[in-house]
Amino acid sequence: METQGRSIKPLRSLTLEGDPSCIEFCPGHPDYFVIGTYNLQRQNEADADVAIQDKEEQQTRKAIQTRDGSLVLFRLTETKNIKHIQTLPYPSAILDLHFHPCREGRTVMAAVSSTGSLSFFKLSTSKEPLASLEEIVTHRPLGGDERVIFLSCAWHPYIPELLAITTSNSRVHILKVDDSWDVYEIRNEPVVTHHFEAWTVAFSSLIPRIPELDVGDSSEKDSQLFTLYSGGDDSELFATSCSYHPIQTSGEGDLIETPYPSVAFTGHEAGVTAILPLNFQLAPLDSVVITGSYDDHIRVYAVDEQNAFPQKPRLLAERNLGGGVWRLKLIKLEKTTGISLEAEKGVEGIETEGRQWTALILASCMHAGTRILEITGDVVAESYEVKILGRFEEHKSMNYGSDFHPGSELEGGKLQCVSTSFYDRLLCLWEY
């Protein structure tokens, strides 16, 4: 019989001033975390009395600048209190934010908004105890159409200048961000186009590959190959092979090429809203990708990323979590090194990193609250399972954002988590 995990109670709770849409701890200053908020502005009475007959004008008025938001900085204290540090108003609603994985001590974050803006902020603690978020620059990298909403963003884990964004008009773009935080389009067309909103995007967590070159061919020697995953409201999840040419100059063509058609995952019965690639190979040619969907399910797939053209993904396990799986955050990944199954049968095999592995994951499950999950796999036994270890259900509204205090996942202590809910504006601290 499947267990739903133990119920968890809050240590602290407080009410925010705006509707929280996203949250992340700063890896460079791990006691601090930032919440992005989303506020749908009410139409004023004067506008409400005007009847607009033209449908296109109706949509334009509805879409343009009807939302604002803020970035709210908090600190988690040693006494397990949540201390408000700063609220930074923003002229658009914040949809997603992520700190850079390596630049400037991992203290700079990207934030994307409801009007197609991309902003960079630095968390400065030089004036402690008066730490603050400081805006570096704001861009409109895809032009000035404020009707296009940037829905999510993701940094490449190994190529520091690459940032992916997804949009409300179904597109997935990869941008180049230089050391001065200037932004450039490096491809004339989107990398991927969905049929409806492109909700989420993630780069493969494997180290980019170098293409095999013919003797005397130096044209691709600096190129890097990687896989991009994207999910949309069309229930589609695509794996797209990308070739990045970093030293190619402008005018010579796209810096990102997609030489093969995207490969579609099967099995999602509603929009794909979360993608979490794991940083290891399941077998000589397979990596593991975990997905979340509006259909309340988390799914575990094996994906062949090593061939130039990705092969059809294999579904390894799935589990109904009781609510739409909006975000997935890896807490900890443990793996053991072993010999592949073919080698054990007496055939020369390749060593794999993941003969047996366990992933601990924090899942934001919309109306169902937050879940602590344990996903286990055994390559030899071909056995994979999703277990619910804990559930936090104090939220009375949509749980769109959760994160854990970096360092609390280490052995010997309790995992400290913060989670938010949208309409009731609740922020909670709890432990597992």
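Which strand gives the most to the lining of the largest pocket? That would be E25, with six residues. Keep in mind that this is a predicted model. Below is a quick tour of that pocket, followed by two bits of strand pairing and the aromatic contacts.

**The largest pocket**
- The largest pocket holds about 1500 Å³ of space.
- Its lining takes in 45 residues, and those nearest the pocket centre are Glu24, His98, Leu276, Lys329 and Leu330.
- Several strands chip in with at least two lining residues each, among them E3 (19–25), E7, E11 (150–155) and E16 (198–203).
- Strands E21, E25 (327–339), E26 (351–364) and E29 (401–404) also supply at least two residues each to that lining.

**Strand E5 and its neighbours**
- Strand E5 covers residues 67–76, and eight of its 10 residues are buried, so the rest of the structure largely encloses this strand.
- On one pairing, E5 meets strand E4 (residues 32–40) in the antiparallel sense, with nine bridges.
- If you want a spot to look at there, Thr37 has Ser70 in E5 as its bridge partner.
- E5 also pairs with strand E6 (residues 82–90), again antiparallel, over eight bridges.
- For that pairing, check Gly69, which stands opposite Tyr90 in E6.
- E5 and E6 form a hairpin with five residues between the strands, where Lys80 takes a positive phi near 65°.

**The open sheet E7-E8-E9-E10**
- Four strands make up an open sheet in the order E7-E8-E9-E10, and their pairing is antiparallel.
- Its edges are E7 (94–99) and E10 (132–139), each of which pairs on one side only.
- From one strand to the next, the twist averages 25°.
- Inside this sheet, strand E8 (residues 108–113) and strand E9 (residues 118–124) run antiparallel and are joined by five bridges.
- One pair to pull up is Ala111 and its bridge partner in E9, Ser119.
- As background, the strands of a sheet pair through backbone hydrogen bonds, in either a parallel or an antiparallel way.

**Aromatic contacts**
- There are 19 aromatic pairs in the structure.
- Take Tyr229 and Phe265: their ring centres are 6.1 Å apart and their planes sit at 75°, which is over the 60 degrees needed, so this pair counts as edge-to-face.
- Tyr229 belongs to strand E17 (residues 224–232), while Phe265 is in the loop between strands E20 (263–264) and E21 (272–283), so the pair ties together parts 36 residues apart in sequence.
- Tyr229 has 0% relative accessibility and so counts as buried.
- Phe265 comes in at 3% relative accessibility, so this residue counts as buried too.
- Phe422 and Tyr423 also pair up: with ring centres 4.9 Å apart and planes at 90°, the pair is edge-to-face.
- Here the two partners are split on burial, since Phe422 is buried with a relative accessible area of 8%, whereas Tyr423 counts as exposed at 62% relative accessibility.
- Phe422 and Tyr423 are also members of one aromatic cluster, together with Tyr38, Trp199, Tyr294, Trp326 and Tyr400.
- There's a charge-over-ring contact as well: Arg103 lies over the face of Trp181, at 5.4 Å from the ring centre.

Note on methods: Residues are numbered from 1 along each chain as its sequence is written. This is a predicted model: local features need pLDDT of at least 70, side-chain atom pairs count only at pLDDT 80 or more; totals for chains, interfaces and linings use all residues. Side-chain values use heavy atoms; hydrogens and water are left out. Buried means under 20% relative accessible area, exposed over 50%, partly exposed in between (1.4 Å probe, protein chains only). Two strands pair if DSSP finds at least two bridges between them. Rings of Phe, Tyr and Trp (its six-membered ring) pair if their centres lie within 6.5 Å; planes under 30 degrees apart count as stacked, over 60 as edge-to-face and the rest as tilted. A charge sits over a ring if NZ of Lys or CZ of Arg is within 6 Å of the ring centre and within 35 degrees of the ring normal. Axes are lines fitted to C-alpha atoms, for helices over the stretch in contact, and angles run from 0 to 180 degrees between N-to-C directions. On a 1 Å grid over the protein atoms alone, a cavity is a set of points where a 1.4 Å probe fits but cannot get out, and a pocket is an open set with protein on both sides within 12 Å along at least five of seven lines; lining residues have an atom within 4 Å of a point. Grid points are joined across faces, edges and corners, and a volume is the space filled by probe spheres set on the points.
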